[in-house]
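Got your viewer open? Let's take a walk through this protein, one selection at a time.

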Amino acid sequence: MIPTSRIYRLVKEWSQKPKRVIKEGFQTNPDFHQVAQCEQLKAWQRTQQAHYQAALNPKTQSIHYVIHQVSGFASDDQIRKITYEAILACEYWHASAKPHHLILPIKTGQILQQDFQEFLQGKLLHCHLPLGYLGIGLTQVTAEDQEGLLQQAIIQLRRLGILIYLFEFEGLPIQLKLLETGCISAVQMIAAHWRDAPKNPERHSSLKELARIAKDYELPIICGGIDLIKDRDWAEQLNADHVYGKIIKPAMTASQITRLFTIPSAHTTIVEKP
């Protein structure tokens, strides 16, 4: 570069420029950002809890139901919290354009509580879920003296757009009466209760009779707790419509469930996004 060149002049002027001091602008309250991030973190953590099991069709491997895992020792407050999480999960799937039917297993005694019915009504009336996306699986349906109260509770739940499923189906008289009312959408049978059926002729015949009753009422059969290879064989012999368990699909988070979607074709199959 010669002193008279244009590049020399530009470099010299640039090197002689005074240094600029960048001052920090107005700072907002850091607590506000921490609160917002905390709420976002809590919302994200709710979708990261592995509480959901996908029930697959053994023939097409398509997903139709999602079962929410609920502890049998959950208190009333915990059941309300789990129910609220289930509603949020349904809204999350619906907003993701991948809606699934979520079944929430709840004890019959908790369903009969008026406080729980009012809590469920208040939550559902303030959400935008279509009818039928949230279902309740009735467990421990054994007391015949509560038949009238149970039917009234089922009517109230169905008015809210909640589908009713009969869990732990064993052919008890009160369970058969519920099937006669036509308010049950599907029956569920636990593999652990019937593992001895292949070796016990009496239990095997009882199992076949329960399957025949479900087919007579045109109800799908959901087999749960498929944790062993022989459980899968038992479900195939039973001709179950949907199965779920550890060897079918492990427990998943709400966001992982959205990675399972069906292709709109004659035979839908599950596809996992890479």
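Here is a tour that starts with the whole chain and then goes from stop to stop.

**The whole chain**

Before you click on anything, keep in mind that this is a predicted model. Show the protein chain as a cartoon and you'll have 10 helices and 10 strands to look at. The chain has 274 residues, and 37% of them count as buried. Now think about who touches whom: among contacts with a separation of 6 or more, 65% are between residues 24 or more positions apart.

**Stop 1: a strand residue with plenty of contacts**

Select Gln-53, which sits in strand S1 (residues 52–56). Is Gln-53 buried or exposed? Its relative accessible area is 10%, and the cut-off for buried is under 20%, so Gln-53 is buried. Next, light up its contacts beyond the neighbours within four places in sequence: they include Tyr-65, Val-66 and Ile-67, and also Tyr-244, Gly-245 and Ala-251.

**Stop 2: two helices crossing**

Two packed helices are described by the angle between their axes and the distance between the axes. Select helix H6 (residues 147–159) together with helix H7 (residues 173–181); their axes come within 12 Å and cross at roughly 35°. The crossing of H6 and H7 is right-handed.

Which residues meet here? Show side chains for Glu-147, Leu-150, Gln-151 and Ile-154 on the H6 side, and for Ile-174, Lys-177, Leu-178 and Thr-181 on the H7 side. That contact is a mix of 4 nonpolar, 2 polar and 2 charged residues.

**Stop 3: the buried face of H7**

Stay on H7 and colour its buried residues: Ile-174, Gln-175, Leu-178 and Leu-179. Turn the view so you look down the axis of H7: these buried residues fall within an arc of 150°, so they line one face of the helix. A bit of background helps: an α-helix has 3.6 residues a turn, so residues three or four places apart point the same way. What do the buried residues of H7 pack against? Add strand S4 (134–139), H6, S5, strand S6 (184–190) and H8 to your selection, and you have the partners.

Now step off the end of the helix. H7 is followed by Gly-182, and the phi of Gly-182 is positive, near 75°.

**Stop 4: two glutamates with positive phi**

Glycine isn't the end of that story. Pick Glu-168, in the loop between strand S5 (163–166) and H7. Its phi is near 55°, a positive value in a residue other than glycine. Glu-168 is partly exposed, with a relative accessible area of 26%.

Then jump to Glu-218, in the loop between helix H8 (201–216) and strand S7 (221–224). Glu-218 isn't a glycine either, and its phi is positive at about 55°. With 70% relative accessibility, Glu-218 counts as exposed.

**Stop 5: a proline in a loop**

Select Pro-198, in the loop between S6 and H8. Pro-198 is exposed, at a relative accessible area of 53%. Draw a distance from its C-alpha atom to that of Lys-230: the two residues are 32 apart along the chain, and the separation is 9.9 Å.

**Last stop: cysteines**

A disulfide is a covalent bond between the sulfur atoms of two cysteines. How many disulfides does the structure hold? The count is 0. While you're here, click Cys-183, which counts as buried at 10% relative accessibility, and then Cys-223, buried with a relative accessible area of 0%.

Methods:
Residues numbered from 1 in each chain as written. Predicted model: local features only at pLDDT ≥ 70, side-chain atom pairs only at ≥ 80, totals over all residues. Heavy atoms only, no water. Axes fitted to C-alpha atoms, helices over the stretch in contact; angles between N-to-C directions. Helix = DSSP H or I, 4+ residues; strand = E, 2+ residues; numbered from the N terminus. Left-handed = near helix turned anticlockwise from the far one by under 90°. Contact = heavy atoms within 4.5 Å. Nonpolar A, V, L, I, M, F, W, Y, C, P; charged D, E, K, R; others polar. Disulfide = S-S within 2.5 Å. Buried < 20%, exposed > 50% of the residue type's maximum accessible area, 1.4 Å probe, protein only. Arc of directions from axis to C-beta.
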